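Colleague: I am new to this structure and would like to go through a few of its local features with you. Could you show it to me before I ask about them?

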Amino acid sequence: MSGHSKWSQIKRQKGVADARRGQLFTKLAKEITVAAREAGGNPDTNFRLRMAVQRARDSNMPLDNIERAIKRASASEGGQGTELVETIYEGYAPGGAAIMLQVLTDNKNRTVSDVRSVFSRSQGSLGESGCVAWNFEPKGLIAVDTSKEEAEKIALLTIDAGAEDVKLYDNSIDIYTKLSDLERVRQALEGRGVTISSAEASMVPKTVVTLDEKAAMQTLRLMDKLEELDDVQRVYTNADFPEEVLASYRAQA
């Protein structure tokens with residue numbers, strides 16, 4: 001799963017670009033509002049909200065924006081504002097890799113039209129509900145930017161803290177946990193002085209599809225276009241990308 005994991009790492013680097021920050025903050029605000037509407041506006045008693053707020057902080061979202069997003073949940077419960085609906089879309093990229101989208105929208109007809117159009121124009125196809133979801137499972141994913149030498153030490157700490165799996169790279173480490181253990185592992189690492197780059201709920205593929213160079217680049221472009229849609233919160237894939245394609249993709253960041 002190295003190609004898939006490295007793609008996720010590059011996306012984190014690209015996601016903080018100033019040109020896309022406004023769109024990122026809008027998506028984070030949507031996530032916070034829905035989480036608060038679902039189980040209340042107190043992060044101490046609402047795990048999903050706590051994770052959403054932490055993700056917003058990791059992305060340097062201003063505190064005022066976070067507080068407004070939480071208050072917006074109360075407004076929508078009172079019949080004010082527009083209600084957001086959560087849904088999943090699934091499909092296939094060029095080369096047969098699975099694509100799964102997490103969406104928050106106030107107009108499902110508009111969103112499905114936009115998603116289908118992007119798939120079609122990118123030589124992919126939007127599939128039926130359940131066509132690829134079986135190949136993904138929810139996990140906690142913690143990212144740490146660090147040297148290779150430090151990564152080995154951190155890996156030992158994560159195992160002691162209850163992590164399920166660790167992926168080491170040259171300048172970073174990805175830590176996978178059970179979703180229920182995500183916060184506990186994060187707190188354990190921070191308690192040992194480890195600086196966390198990001199920590200979030202993720203959908204991790206059970207099996208991967210290795211793509212050739214052409215299909216890999218087409219798939220990366222498809223995923224970029226899907227992520228640019230305002231209603232798409234996250235894009236997941238089981239594609240395993242060749243190193244040379246990822247290097248080219250990184251250079252375009």
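Modeller: The questions and answers below take up a helix pair, a strand pair and one residue, and the model they refer to is a predicted one.

Colleague: How is helix 3 oriented relative to helix 7, parallel, perpendicular or oblique?

Modeller: Helix 3, residues 47-58, packs with helix 7, residues 182-191, and their axes are 11 Å apart. The angle between the two is about 45°, and angles under 35 degrees would count as roughly parallel while those from 65 to 115 would count as roughly perpendicular. Because the angle falls in neither range, helix 3 is described relative to helix 7 as oblique.

Colleague: How many charged residues does the contact of helix 3 with helix 7 have?

Modeller: On the side of helix 3 the contact is made by Phe47, Arg50, Met51, Gln54 and Asp58, and on the side of helix 7 by Leu182, Glu183 and Arg186. Sorted by class, three of these residues are nonpolar and one is polar, while the number of charged residues is four.

Colleague: Which residue of strand 6 is the bridge partner of Val166?

Modeller: Strand 5, residues 165-168, pairs with strand 6, residues 172-177, in the antiparallel sense over four bridges. The two strands form a hairpin, with three residues between them. Within this pairing, the partner of Val166 in strand 6 is Ile175.

Colleague: Is Glu213 buried or exposed?

Modeller: Glu213 belongs to helix 8, which covers residues 213-227. Its relative accessibility is 53%, and because the cut-off is over 50%, Glu213 counts as exposed.

Methods
Residues numbered from 1 in each chain as written. Predicted model: local features only at pLDDT ≥ 70, side-chain atom pairs only at ≥ 80, totals over all residues. Heavy atoms only, no water. Buried < 20%, exposed > 50% of the residue type's maximum accessible area, 1.4 Å probe, protein only. Axes fitted to C-alpha atoms, helices over the stretch in contact; angles between N-to-C directions. Parallel < 35°, antiparallel > 145°, perpendicular 65-115°, else oblique. Contact = heavy atoms within 4.5 Å. Nonpolar A, V, L, I, M, F, W, Y, C, P; charged D, E, K, R; others polar. Pairing = 2+ DSSP bridges.
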